[in-house]
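Colleague: I am new to this structure and would like a close look at a single part of it. Could you pick a stretch inside the protein and walk me through what surrounds it?

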Amino acid sequence: MAQEHTSVRETLDESMRIREFLRAWVRASGKGGCASANQSSTVGGVDSRILILTIAVFITGLAENVFIGILPDVARGLGVTESEASVVISVFSVTYAIFAPIAALISYQFDAKPTLVIAIAIFASSNAPVVIGGSGLLLISASRIVTATACAQISICAVACAVRIVSERYRARAIAAVYLGISSSLFLGVPLGVWITHLIGWRAVGLAMIGLSIVALSLVLFRLPNIGPRSKGLLFGRLYLAHFRDRRQMMAQCVSILFIAGHFTLFSYLTSYAASKGFSGPGWEASLYAVFGSSGVAGGMLAGIFSDLAGRRLALVASPAIYLVTTLLLCVSESSIFFFASLSLWGCASWSISPIVQSYIADLARSPNDIVIGANVTAMHIGVAGGAAVGGGLLASYDVSVLPMGAAGLAAMALATAILSVRNSHS
């Protein structure tokens, strides 16, 4: 118990340090980056609109990740096997991927603020079956489908708003700042979800998500200004078809699919892989996700800065290349210091791809931001499902030690695709 409380305190301390880093970073880069500074306000030097959007996206990442850490407790509580209970995770990702294009359409057609308010309200109500005692696996799975649609709408609308708030020069950093909500939910949400489950029960996690969504709803409703009307151009369907017919844009989306698939080949079974290295038990697991999540936060921010400063093309190639190297390092690490140092680098590299790909495609100036973001969210969740399937197949045929090599193979394919995409973008 004392070890778990210590892990939670360390996680909270880490979150405060990252928050201060985020404030300093946005203060340094945001002075010249706001496209409409006269309409913005600041909180501690940070554009309040970006902070509100990050908080809104935090609840979507929490909903997606928290069940990873408490799945055994959910299975016991529902009286089913762990493999049967895993449907609450799989239906979420599948629904998210399917609904993302529709969410992009809604984001494109309607104003951001009322869309976010409605989506967060749906999110809050969809978590009620998790809280209500007696709700079975079927009802909770159905509620997870509704939750996934709300999460897709929230995240796509939030990123689209962030892109419109800042000038083009700071676009990748704005995307990375909003995605901090997802990465921070991993190193905060999963350990705290385990802690809440241990103290109260796994259904209390649903109550926590409802409470956080009410906070996010209040901030959006009372503190987020109207972003302004969107220019309506061609029919959205035609724009979407044009996006999918563009070879250069699709190659960049394939980089996301292969990169994320490689990542989830190992990440889906990270707890088992760490146990094979001798790092098992509640204390090690809390440290595992705290290190990975905090590194992911830093990786997302650094990727946005690197993409803005070094250029989208170089960043698109560098991201999978760095990830490939860090995956191989993780494969050969044995001692605790080397393992967690490699894990930190690996986590940093793993969260770099989304802001880089989205800003790279937007830089081609061929599709509206909503379409780029919606298609990329779909691509990422296809990668999630594909990576989990590849990892499961490797486990069935071999053992957990081969997972990093499978991840590295997919990362190498992502690197090759990125190089081809960059070469074609010059033509």
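Here is the part I would like to hear about, followed by a walk through it and its surroundings.

Which residues are in contact with Ser155 and Ala158, leaving aside neighbours within four places in sequence, and what else is found around the helices involved?

Modeller: Happy to help! Please keep in mind that this is a predicted model.

Let us start with helix H7, which covers residues 137-165 and holds Ser155. Ala158 lies in helix H7 as well. Ser155 has a relative accessible area of 4%, so it is buried, the cut-off being under 20%. For Ala158 the relative accessibility is 0%, and therefore Ala158 also counts as buried.

Now for the company they keep. Leaving aside neighbours within four places in sequence, Ser155 is in contact with Val57, Thr60 and Tyr96. With neighbours set aside in that way, Ala158 is in contact with Leu53, Val57, Leu116 and Val178. Val57 therefore appears in both lists, as a contact of Ser155 and as a contact of Ala158, where contact means heavy atoms within 4.5 Å. There is also a distance to look at from Ala158: Thr115 is 43 residues away in sequence, and the two C-alpha atoms are 9.9 Å apart in space.

From here we can turn to helix H2, which spans residues 48-78. Asp73 and Arg76 both belong to H2 and sit three residues apart, about one turn of the helix. These two form a salt bridge, with 2.8 Å between the closest N and O atoms. Side chains of opposite charge can pair when their charged atoms come close. Asp73 counts as partly exposed because its relative accessibility is 27%, while Arg76, at 61%, counts as exposed.

A search of the whole structure finds two salt bridges. Besides the pair in H2, Arg312 forms a salt bridge with Asp308, and here the closest N and O atoms are 2.6 Å apart. Arg312 counts as buried at 9% relative accessibility, and Asp308 counts as buried at 15%.

H2 has another part to play, in the lining of an enclosed space. Rolling a probe the size of a water molecule over the atoms shows where empty space is left. In this model, a search of the whole structure finds two cavities of 30 Å³ or more. The largest cavity has a volume of about 330 Å³. Its lining is made by 19 residues, and Glu64, Ile182, Phe264, Trp351 and Met380 are the ones that lie nearest the centre. H2 supplies at least two residues of this lining, as do helix H8 (171-199), helix H11 (247-267) and helix H17 (369-397).

To finish, let us go out to the surface. Val325, Leu329, Val332, Phe338 and Leu345 make a nonpolar surface patch of about 420 Å². Helix H14 (312-332) and helix H15 (336-350) each give the patch at least two residues, and H14 provides the largest share, with three residues. Leu345 has its place in H15, and a relative accessibility of 47% is why Leu345 counts as partly exposed.

Methods. Residues numbered from 1 in each chain as written. Predicted model: local features only at pLDDT ≥ 70, side-chain atom pairs only at ≥ 80, totals over all residues. Heavy atoms only, no water. Patch = residues over 30% accessible without salt bridge, like charges linked within 9 Å, V, L, I, M, F, W, Y side chains within 5 Å. Areas by Shrake-Rupley, 256 points an atom, 1.4 Å probe, with all protein chains shown as cover. Salt bridge = Lys/Arg side-chain N within 4 Å of Asp/Glu carboxyl O. Helix = DSSP H or I, 4+ residues; strand = E, 2+ residues; numbered from the N terminus. Buried < 20%, exposed > 50% of the residue type's maximum accessible area, 1.4 Å probe, protein only. 1 Å grid on protein atoms, 1.4 Å probe; cavity = no way out; pocket = protein on both sides within 12 Å on 5 of 7 lines; lining within 4 Å. Points joined across faces, edges and corners; volume = space filled by probe spheres on them.
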